[in-house]
Amino acid sequence: MEEIFFERIKKINPKIIDGLKEKNEFSFRVNRHKADLEVIDELKKEGYNPKPVEWNKYVYTLPIEDRKKIIKSLPYTQNKIYIQNLSSIIAANSLDVNEDDWVLDLAAAPGGKSLIFSEKAKKVSAVEPDKKRFFRMKRNFKEHGAKNIQTYNKDGRFVYKATGEMFDKVFLDAPCSSEAHIELEKGITWWNLKRVKRFSKLQKELLISAFECLKPGGEMIYATCTFSPEENEENIDFLLRRYENAKIVPVNLSIDNIQEGITSWEGKEFLDDVKHAIRILPKGAYSGFFFAKIKKI
Ligand SMILES: C[S@@+](CC[C@H](N)C(=O)[O-])C[C@H]1O[C@@H](n2cnc3c(N)ncnc32)[C@H](O)[C@@H]1O
């Protein structure tokens with residue numbers, strides 16, 4: 001299996017392998033429900049030296065050595081900062097949420113992206129079917145002071161049947177084979193192609209539900225933390241072919257560790273528009289990620 005995994009990754013982009021090896025930084029953002037930029041001075045007083053990212057004044061990185069001890073810092077224990085991967089933050093911010101929006105987060109636990117939406121939106125509905133993860137997510141929202149999130153312990157595949165086209169924005173951070181979280185030093189133990197195919201099927205069902213929940217004129221983002229095109233480009237191609245009123249929207253990011261969507265894989269050809277999808281290559285505090293923005297016209 002290891003051989004197949006590496007062969008596939010090399011075909012997508014050989015740089016991914018180096019990125020998976022070097023995890024020298026982590027990131028956090030200021031929790032705007034509870035704090036402002038003064039929290040950075042509080043961290044500095046405790047001996048930390050957070051580095052701002054270029055694309056958002058509330059997002060910072062720190063060396064990986066600080067990762068364990070920061071959870072004892074005052075800003076962390078007071079829930080004024082939220083540790084979150086840069087790729088997740090940049091993808092959540094790419095859904096242009098505004099203050100009148102009702103946002104649906106269709107696969108929401110532990111709730112990191114819902115918390116980002118809740119800082120900007122009127123209302124957020126967060127769906128999670130797994131009971132344990134659901135209750136942990138509810139606690140997370142409470143601890144971080146988000147008051148505009150409603151939570152639903154439901155299977156995302158069927159949500160559209162109850163809601164119809166109700167949401168201004170939808171985010172689907174789909175359950176996936178999580179290839180971006182593989183720790184190479186531990187070996188490729190739990191990865192196999194069957195898993196990729198199983199997730200690909202579930203993701204298509206969730207994508208249909210996400211798109212059906214969206215208001216005409218609304219926008220959604222489909223995202224995964226995996227590299228396999230079966231779980232990424234193939235699913236975007238599937239959605240674009242199924243719905244004539246689904247259009248992919250290009251996203252401009254000011255970072256250089258990205259690659260456009262690939263348009264052919266293992267003998268399958270995808271629509272040319274799929275190239276507007278984004279694959280974030282792992283680098284520093286960015287873990288591997290894939291996302292595409294889709295508009296319902
Ligand atoms: C990648 S995680 C979401 C992470 C989250 N968006 C965040 O940023 O904190 C995917 C989630 O989808 C959930 N999930 C699995 N099957 C699902 C389904 N049928 N409908 C909705 N969510 C599902 C998993 O339990 C998991 O919590």
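Guide: Let's start with a term: two strands count as paired when DSSP finds at least two bridges between them. Here is a case from the structure above, which is a predicted model: Phe-28 has Ile-83 in β4 as its bridge partner.

Visitor: What holds the strands of a sheet together in general?

Guide: Backbone hydrogen bonds do that job, and the strands can be parallel or antiparallel. In this protein, β1 (residues 25-30) runs antiparallel to β4, with three bridges joining them. Besides the Phe-28 bridge, you can find Arg-29 standing opposite Tyr-82 in β4.

Visitor: Which strand pairs with β1 over five bridges?

Guide: That's β3 (residues 59-63), and the pairing is antiparallel. Look at Arg-29 again: in β3 it stands opposite Val-59.

Visitor: In what order do the four strands of this open sheet come?

Guide: Read across it and you get β2-β3-β1-β4, with antiparallel pairing. β2 (51-52) and β4 (81-83) are the edge strands; each has a single partner, so one side of each has no neighbour in the sheet.

Visitor: And β1, is it mostly buried or exposed?

Guide: Five of its six residues are buried, so β1 is largely enclosed by the rest of the structure.

Visitor: Let me step back. How many helices and strands does the protein have?

Guide: There are 10 helices and 15 strands. The C-alpha atoms fill a box of roughly 55 × 45 × 35 Å along the principal axes.

Visitor: What does the radius of gyration say about the protein?

Guide: You compare it with what a compact globule would have. For 297 residues that would be near 19 Å, and the protein has 19 Å, so the two agree. Of those 297 residues, 43% count as buried. As for contacts with a separation of 6 or more, 74% come from residues 24 or more positions apart.

Visitor: Where do nonpolar side chains tend to go?

Guide: In soluble globular proteins, they tend to be buried together. Here the largest nonpolar core has 80 residues, and the members that touch the most others are Val-170, Leu-172, Ala-210, Met-220, Tyr-222 and Phe-291. Helix α9 (residues 193-213) gives the most to this core, with seven residues.

Visitor: Let's follow Tyr-222. What does it touch?

Guide: Leaving out residues up to four places away in sequence, the contacts of Tyr-222 include Leu-172, Leu-207, Asn-235, Phe-291 and Ala-292. Tyr-222 also stands opposite Ala-292 in β15. That fits the wider pairing: β9 (residues 214-224) and β15 run antiparallel and are joined by six bridges.

Visitor: Which other strands pair with β15?

Guide: β10 (residues 246-249) pairs with β15 in the antiparallel sense over four bridges, with Ala-246 opposite Lys-296. β14 (residues 278-280) is antiparallel to β15 as well, over three bridges, and Ile-280 stands opposite Phe-289. Six of the eight residues of β15 (residues 289-296) are buried, so this strand is largely enclosed by the rest of the structure.

Visitor: Asn-235 came up among the contacts of Tyr-222. Is Asn-235 buried or exposed?

Guide: The cut-off for buried is 20 or more other C-beta atoms within 10 Å. Asn-235 has 27 within that distance, so it is buried. You'll find Asn-235 in helix α10 (residues 233-242). Apart from neighbours within four places in sequence, Asn-235 is in contact with Ser-200, Gln-203, Lys-204, Leu-207 and Tyr-222.

Visitor: Which residues are closest to the ligand?

Guide: The closest are Ala-107, Gly-112, Gly-156, Asp-173 and Pro-175, out of 20 that surround the ligand. That shell divides into nine nonpolar, four polar and seven charged residues.

Visitor: Which peptide bond is cis?

Guide: Look at the one from Ala-109 to Pro-110, where omega is near 5°. Pro-110 is in the loop between β5 (102-105) and α6 (112-120).

Visitor: And where is Asn-79?

Guide: Asn-79 is in the loop between α4 (74-77) and β4. Its phi is near 60°, a positive value in a residue other than glycine. Ser-178 isn't a glycine either, and its phi is positive at about 55°; this serine lies in the loop between β8 (167-173) and α9. Within 10 Å, Asn-79 has 16 other C-beta atoms and is partly exposed, while Ser-178 has 17 and is partly exposed too.

Key. Residues are numbered from 1 along each chain as its sequence is written. This is a predicted model: local features need pLDDT of at least 70, side-chain atom pairs count only at pLDDT 80 or more; totals for chains, interfaces and linings use all residues. Helices (H or I, at least four residues) and strands (E, at least two) are DSSP runs, numbered from the N terminus. The radius of gyration is taken over C-alpha atoms; the globule rule is 2.2 Å times the number of residues to the power 0.38. A residue is buried if 20 or more other C-beta atoms lie within 10 Å of its own, exposed if 12 or fewer, and partly exposed in between; C-beta atoms are placed from the backbone. Two residues are in contact if their C-beta atoms, placed from the backbone, lie within 7 Å. A nonpolar core is a set of buried Ala, Val, Leu, Ile, Met, Phe, Trp, Tyr and Cys residues joined through C-beta atoms within 7 Å. A residue is near a molecule or strand if its C-beta atom, placed from the backbone, lies within 6 Å of it. Ala, Val, Leu, Ile, Met, Phe, Trp, Tyr, Cys and Pro count as nonpolar, Asp, Glu, Lys and Arg as charged, and the others, Gly among them, as polar.
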